[in-house]
Amino acid sequence: MDRSNLTRHGMVRAQQRAIPHQIIEWLQAYGAEEYDHHGGCIRYFDHSARRRLAKEVGPQVVSDLGALLNTYAVLSLDGEVITLGHRQKRIKHH
């Protein structure tokens, strides 16, 4: 996800919630995907996504960034990041 894929709202939320751009890029590359049935897609780090990420960047990095890996992104169907946040509970599978 490059910065041009973030809506203005997405950029504001990333800044407000202190979500680094690297985390947003990792969500795109390694995150699990769940459709929200409202015209969007949720990308997040589940166990499999964390394992894929650990293979690429190393398990210590994943361990050190544990709290940041509770981040999720809501994308439009064309791939634009609508908003970002920190998960407080599980994402339900439909």
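**Figure 1. The hairpin of strand 3 and strand 4, with four residues between the two strands.** In this predicted model, strand 3 covers residues 71–76 and strand 4 covers residues 81–86, and the two pair in the antiparallel sense over five bridges. Within the turn that joins the strands of this hairpin, Gly79 has a positive phi of about 95°. Along the paired strands, a reader who looks for Ala73 will find that Leu84 in strand 4 stands opposite this residue.

**Figure 2. The hairpin of strand 1 and strand 2, which also has four residues between its strands.** Strand 1, made of residues 32–35, pairs with strand 2 in the antiparallel sense, and the pairing runs over four bridges. One position to look for is Glu34, whose bridge partner in strand 2 is Ile42. In this hairpin, His37 takes a positive phi near 60°.

**Figure 3. Strand 2, residues 40–44, as a mostly covered strand.** Five of the five residues of strand 2 are buried. In a regular strand the side chains alternate between the two faces of the sheet. Here Gly40, Ile42 and Tyr44 point one way from strand 2, while Cys41 and Arg43 point the other way, and the residues on both sides are buried. Strand 2 pairs with strand 1 over four bridges and with strand 3 over five bridges, in both cases in the antiparallel sense. In the pairing with strand 3, Tyr44 stands opposite Tyr72.

**Figure 4. The salt bridge between Arg43 and Glu33.** Side chains of opposite charge can pair when their charged atoms come close. The closest N and O atoms of Arg43 and Glu33 are 2.9 Å apart, and the pair links distant parts of the chain, with Arg43 in strand 2 and Glu33 in strand 1, ten residues apart. A search of the whole structure finds one salt bridge. Are the two partners buried or exposed, or does either fall in between? Arg43 counts as buried because its relative accessibility is 9%, where buried means under 20%, whereas Glu33, at 40% relative accessibility, counts as partly exposed.

**Figure 5. Ile23 of helix 2 and the residues in contact with Ile23.** Helix 2 consists of residues 21–30, and Ile23 lies within this helix. Ile23 has a relative accessible area of 2% and is therefore buried. Which residues are in contact with Ile23, once its neighbours within four places in sequence are left aside? They are Phe45, Leu65, Leu68, Leu69 and Thr71. Tyr72 is 49 residues away from Ile23 along the chain, and the C-alpha atoms of these two residues are separated by 9.5 Å.

**Figure 6. The whole protein, as a setting for the close-up views.** The protein has four helices and four strands, and from the N terminus on, these elements run in the order α-α-β-β-α-α-β-β. Of the 94 residues of the protein, 41% count as buried. Among the contacts with a separation of 6 or more, those between residues 24 or more positions apart account for 55%. The accessible surface of the protein comes to about 5,900 Å², and 50% of this surface belongs to carbon and sulfur atoms.

Notes: Residues are numbered from 1 along each chain as its sequence is written. This is a predicted model: local features need pLDDT of at least 70, side-chain atom pairs count only at pLDDT 80 or more; totals for chains, interfaces and linings use all residues. Side-chain values use heavy atoms; hydrogens and water are left out. Buried means under 20% relative accessible area, exposed over 50%, partly exposed in between (1.4 Å probe, protein chains only). Contact means heavy atoms within 4.5 Å. Accessible areas come from the Shrake-Rupley method with a 1.4 Å probe; for residues, only the protein chains shown count as cover. Two strands pair if DSSP finds at least two bridges between them. A salt bridge is a side-chain nitrogen of Lys or Arg within 4 Å of a carboxyl oxygen of Asp or Glu.
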